[in-house]
Amino acid sequence: MNQRLIDAFERCMELMEAGVPLEDCIKKYPDLEPELREILETAEEVMNLREERVPIEPMNRNRIKLLSQAKFLVSNGRQNTSISGVNWLVKPIRRIVDGFSSMSPLAGRLVLVVAITGLLILFSSGLVITSAKSLPGDSLYPVKRVVEDISVRLVPNREVRSEYEINYSQQRVVEVKRLIELKRIQQISFEGILESMSSTSWIVSDIPISITSDTTIVGEHGGTQSFLPGSEVEVEGITNAQGWVAATEIHLREYKFIGMVDKITAKYWQVSGIQLLITSRTQIDVGIREGDDVTVLVRSEDSGLHALAILHDVRPITTPNMPQPNLSTLMPSEVPAPNTEEDHQVSGILEQISSNYWVVGGQIIYVIGDTHISDGINIGDSLSVNYKVEANGSYTAIEIEKIDNDEHPDEYQPQATPESVDEGDSHEAAIVTTKVDDETEESTCTPEQQETPELTDDH
Amino acid sequence: MSDWQSLATYNKIGLHRFGVSPRQMSVESSEIDLLNTLDPQAISAIHNRYYPEVYGFARFRVSDEVTAEDIAADVFMRLLEAVHNSRGPYSNLRGWLLRTTANIVNDHFRRLYTRPKEDSSEVLENSSDLYLSQSDPVVLSDLAERNRLLQLAIDKLTDAQKLVITLRFGNRFSLEETAQLMGKKANTIKALQFRALEALRQKLGGDLL
């Protein structure tokens with residue numbers, strides 16, 4: 001084919017698009033005149049087929065129809081297709097493959113061949129097998145964890161997947177023991193059973209753990225009282241040459257707490273500010289609504305807190321003579337009951353007053369008819385609360401006293417909220433408001449009054 | 001035959017490969033992400049952006065605007081269904097839409113050719129989609145008749161030739177855009193286009209030109 005003719009045609013096309021008449025274009029290539037004229041005339045005819053106008057009305061009609069159909073599809077929910085189970089794998093692969101199509105055919109094929117070859121080498125050269133023996137800190141360790149993740153995800157059966165997860169969890173324990181044997185210093189995390197505990201050291205799955213003042217303990221009551229031998233815990237820390245793990249954080253894997261339902265969605269609930277993932281296995285009492293008090297049994301997972309059960313909090317609030325239901329019978333698993341005979345004390349800022357509980361220093365404390373409450377307490381006051389721990393793990397206030405800030409200026413300063421730290425004025429405003437409220441004659445406050453403190457009017 | 005099957009057939013014979021630039025791919029990826037949520041605003045924006053191209057493609061190939069509108073509507077409806085079934089585009093939305101348009105146009109002509117007929121030579125004359133009725137005021141228009149014959153001639157080209165002619169003349173895509181969409185080099189598109197026009201000239205002969 002005459003390349004010069006093709007190039008001349010292309011140039012003439014550009015000129016004709018710009019408004020140059022066909023004859024003028026042909027004059028530029030007199031030696032190609034007959035062939036060029038024929039092909040340009042054909043092109044001109046084809047050009048005339050083009051319809052520049054896009055009908056607006058049908059376009060708008062179609063958009064409305066499309067949106068209506070989309071709404072219908074959304075209301076019907078997305079269909080589960082055969083590939084949806086492995087969509088996490090298929091989607092990126094298809095994106096990569098689509099990416100190849102944007103390259104020239106040869107380059108695309110070349111990259112694809114190289115990628116496939118690389119993968120074959122990766123998987124056939126024993127890399128995966130070698131990585132299986134690696135320990136945290138080794139260069140191949142990430143490969144090992146990725147392979148584990150993939151194998152867990154590819155298992156379609158839930159029971160088998162659970163077995164895989166347990167096996168890999170045990171693998172973590174073995175790895176930590178090996179690191180201790182090798183006296184390597186390495187950041188680790190593992191899950192295990194709490195076997196024994198003292199004030200400074202615990203044993204978790206035969207691994208000695210040192211507890212220091214820097215160790216964060218995450219459990220039912222924010223302390224170690226809910227940790228008992230036999231509890232399933234997750235330990236994060238650093239192995240050392242002395243043969244133990246210096247714990248930075250220890251989670252109780254399963255615990256319960258009482259709170260108020262803030263928000264309910266299909267995938268998660270928010271209870272007293274804590275977001276809980278809801279799964280198909282979560283046991284939820286019928287009729288729970290936002291604002292209700294609930295007892296929640298949670299399990300700490302890598303993906304977040306999974307709600308195992310959300311149950312109505314049916315304990316009596318203002319009538320102390322009402323018999324206490326045994327909530328442990330409602331629990332899906334046995335949770336050891338704390339010592340209910342012993343009185344405890346907590347001090348903190350009064351953050352919220354609800355109809356049946358107060359929030360003091362972030363802790364929910366239930367208030368009953370027998371609770372002795374000092375006069376003149378308002379939100380923002382520093383309080384000292386004597387309480388007892390109920391069989392279901394909740395706190396019931398016995399006595400609530402206001403702490404005079406002047407007597408303990410260093411110990412009980414009102415806590416600044418994150419916002420007030422940024423804005424010094426608002427911090428001052430909060431303190432002033434407390435003083436103004438102190439001057440009022442009312443000794444009790446309704447929840448509505450407490451939830452909407454009027455700052456601006458008083459100033 | 002489904003769109004993907006059609007595409008597979010095209011790919012098998014190396015004729016129909018769409019691609020886009022990395023930059024456009026990034027824009028389209030974000031569009032696709034929004035589309036996957038079936039978000040009304042995203043759907044509306046995508047429809048407004050691509051409808052003219054889809055309609056333009058269809059209108060260039062079929063003789064009446066109502067059929068072109070139907071084809072364009074069908075394309076977007078198929079897009080929604082594909083997204084709903086997790087079989088939608090993953091990176092190249094424009095390519096997916098034009099590919100689907102090309103498939104539906106081909107199906108449209110295939111249906112016309114396979115309609116029960118008494119005489120194969122009368123297929124096109126009996127087709128209401130391709131032949132204007134006697135009552136139509138434009139039936140005597142030379143231009144309309146020429147366009148009809150030209151569209152029939154285009155439909156007889158090879159798939160790649162049809163595509164290059166439609167993208168270049170119907171959608172006014174540049175050589176580079178057409179090359180990217182078809183996954184070929186610009187010089188290849190030049191040659192393909194030239195051969196397509198030559199083939200058209202030969203098919204039409206003295207009837208048209």
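Let me start with a term: two strands pair if DSSP finds at least two bridges between them. Helices and strands here are DSSP runs, with helices being H or I of at least four residues and strands being E of at least two, numbered from the N terminus.

Hello everyone, and a little housekeeping first. This is a predicted model, where local features need pLDDT of at least 70, side-chain atom pairs count only at pLDDT 80 or more, and totals for chains, interfaces and linings use all residues. Residues are numbered from 1 along each chain as its sequence is written, while chains are lettered from A and ligands numbered from 1 in the order in which they are written.

Now to the strands of chain A. Strand 1 of chain A, residues 186–197, pairs with strand 2 of chain A in the antiparallel sense, over three bridges. Which residue is the bridge partner of A:Leu194 in strand 2 of chain A? That partner is A:Val204. A hairpin of three residues links strand 1 of chain A to strand 2 of chain A.

Let's move on to the next strand. Strand 2 of chain A also pairs with strand 3 of chain A, residues 207–210, again antiparallel, over four bridges. Here A:Val204 faces A:Ile207, and A:Ile203 stands opposite A:Pro208. These two strands form a hairpin with two residues between them, and A:Ser205 in the turn has a positive phi of about 50 degrees. A:Asp206 lies in the loop between strand 2 and strand 3 of chain A. A:Asp206 has a positive phi too, about 70 degrees, although it is not a glycine.

How do the side chains point? In a regular strand they alternate between the two faces of the sheet. A residue counts as buried if 20 or more other C-beta atoms lie within 10 Å of its own, exposed if 12 or fewer, and partly exposed in between, with C-beta atoms placed from the backbone. In strand 2 of chain A, residues 201–204, A:Trp202 and A:Val204 point to one face and are buried, while A:Ser201 and A:Ile203 point to the other and are not. Strand 3 of chain A alternates as well: A:Ile207 and A:Ile209 are buried on one face, whereas A:Pro208 and A:Ser210 point to the other and are not buried. As for A:Asp206, this residue is exposed, with 11 other C-beta atoms within 10 Å.

Strand 3 of chain A has another neighbour to meet: two bridges join it to strand 6 of chain A, residues 245–252, and these two run parallel. There, A:Ile209 has A:Val245 as its bridge partner.

Finally, a pair of helices. The axes of helix 1 (residues 3–17) and helix 3 (residues 33–48) of chain A come within 10 Å and cross at roughly 45 degrees. Axes are lines fitted to C-alpha atoms, for helices over the stretch in contact, and angles run from 0 to 180 degrees between N-to-C directions. Helix 1 of chain A and helix 3 of chain A are therefore oblique to each other; under 35 degrees counts as roughly parallel, over 145 as roughly antiparallel, 65 to 115 as roughly perpendicular and the rest as oblique. Which residues of helix 3 of chain A does helix 1 of chain A meet? A:Glu35, A:Leu36, A:Ile39, A:Leu40 and A:Ala43 meet A:Leu5, A:Ala8, A:Phe9, A:Cys12 and A:Met13 of helix 1 of chain A, contact being C-beta atoms, placed from the backbone, within 7 Å.

Terms used:
Two residues are in contact if their C-beta atoms, placed from the backbone, lie within 7 Å.
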